[in-house]
Amino acid sequence: METIVRDKIVSHMMENSLFCDELITIELWTELLDTGATLDVIYLDFKKAFDSVPHKRLLSKIDAYGIGDPIKEWIKCFLMNRKQRVTVNGIMSSWSEVLSGIPQGCV
């Protein structure tokens, strides 16, 4: 499902020329890899940037780029109403709402 949503967003962004040159390059690299081509690239790890994006701000950006329902609603349902807690030495914290980041292993 995540791949379908991603493809719809990429299609919308490409059709409306909303990607900067750097993102278009990354998309081209992704297409090459999807077809089995070999690609050597040196890049930085942006994981921390995604971990710090507040969900409400992300949804606001989605609105600003004109990405509407049902894609926007799927993303909202996927990210919102998540909770987490931490266990240290067998002692668990109380549950806390997750307000930013994406679940590990997401596309």
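Two rings of Phe, Tyr or Trp (for Trp, the six-membered ring) count as a pair if their centres lie within 6.5 Å. By that rule, this protein has 1 aromatic pair. Keep in mind that you're looking at a predicted model. Here's a quick tour, from the overall layout down to a few residues worth finding on screen.

**The big picture**

- The protein has 5 helices and 4 strands.
- Starting at the N terminus, the order of the elements is α-α-α-α-α-β-β-β-β, so try following the chain along that pattern by the definition of helices and strands used here.
- Of the 107 residues, 14% count as buried.
- The accessible surface adds up to about 8,600 Å², and 57% of that belongs to carbon and sulfur atoms.
- Take the contacts in the protein with a separation of 6 or more: 51% of them join residues 24 or more positions apart.

**The nonpolar core**

- Which residues make up the largest nonpolar core? There are 10 in all: V5, V10, M13, F19, L59, I62, I67, I71, I75 and L79.
- Helices α1 (2-15), α4 (55-64) and α5 (71-79) are the elements that each give two or more residues to this core.
- V5 is a good one to click on: setting aside its neighbours within four places in sequence, V5 is in contact with I71, W74 and I75.

**The aromatic pair**

- The rings of W74 and F78 have centres 5.0 Å apart, with their planes at 10°. Planes under 30 degrees apart count as stacked, so this pair is stacked.
- Both W74 and F78 sit in helix α5, 4 residues apart, which is about one turn of the helix.
- Are these two residues buried or partly exposed? W74 has 24% relative accessibility, so W74 counts as partly exposed. F78 comes in at 21%, so F78 counts as partly exposed too; the cut-off for buried is under 20%.
- F78 has another partner to look for: R82 lies over the face of F78, 4.9 Å from the ring centre.

**A buried glutamate**

- E27 is found in helix α2 (residues 21-34).
- With a relative accessible area of 11%, E27 is buried, because buried means under 20%.
- What does the side chain of E27 make a polar contact with? The partner is the side chain of R6, at 2.9 Å.
- Leaving out its neighbours within four places in sequence, E27 is in contact with R6 and V10. V10 is also one of the residues of the largest nonpolar core.

Key: Residues numbered from 1 in each chain as written. Predicted model: local features only at pLDDT ≥ 70, side-chain atom pairs only at ≥ 80, totals over all residues. Heavy atoms only, no water. Core = buried A, V, L, I, M, F, W, Y, C linked by side-chain atoms within 4.5 Å. Buried < 20%, exposed > 50% of the residue type's maximum accessible area, 1.4 Å probe, protein only. Contact = heavy atoms within 4.5 Å. Polar contact = N/O pair within 3.5 Å; in protein donor to acceptor, adjacent residues only side chain to side chain. Phe/Tyr/Trp six-rings, centres within 6.5 Å; stacked < 30°, edge-to-face > 60°. Lys NZ or Arg CZ within 6 Å of the ring centre and 35° of its normal. Areas by Shrake-Rupley, 256 points an atom, 1.4 Å probe, with all protein chains shown as cover.
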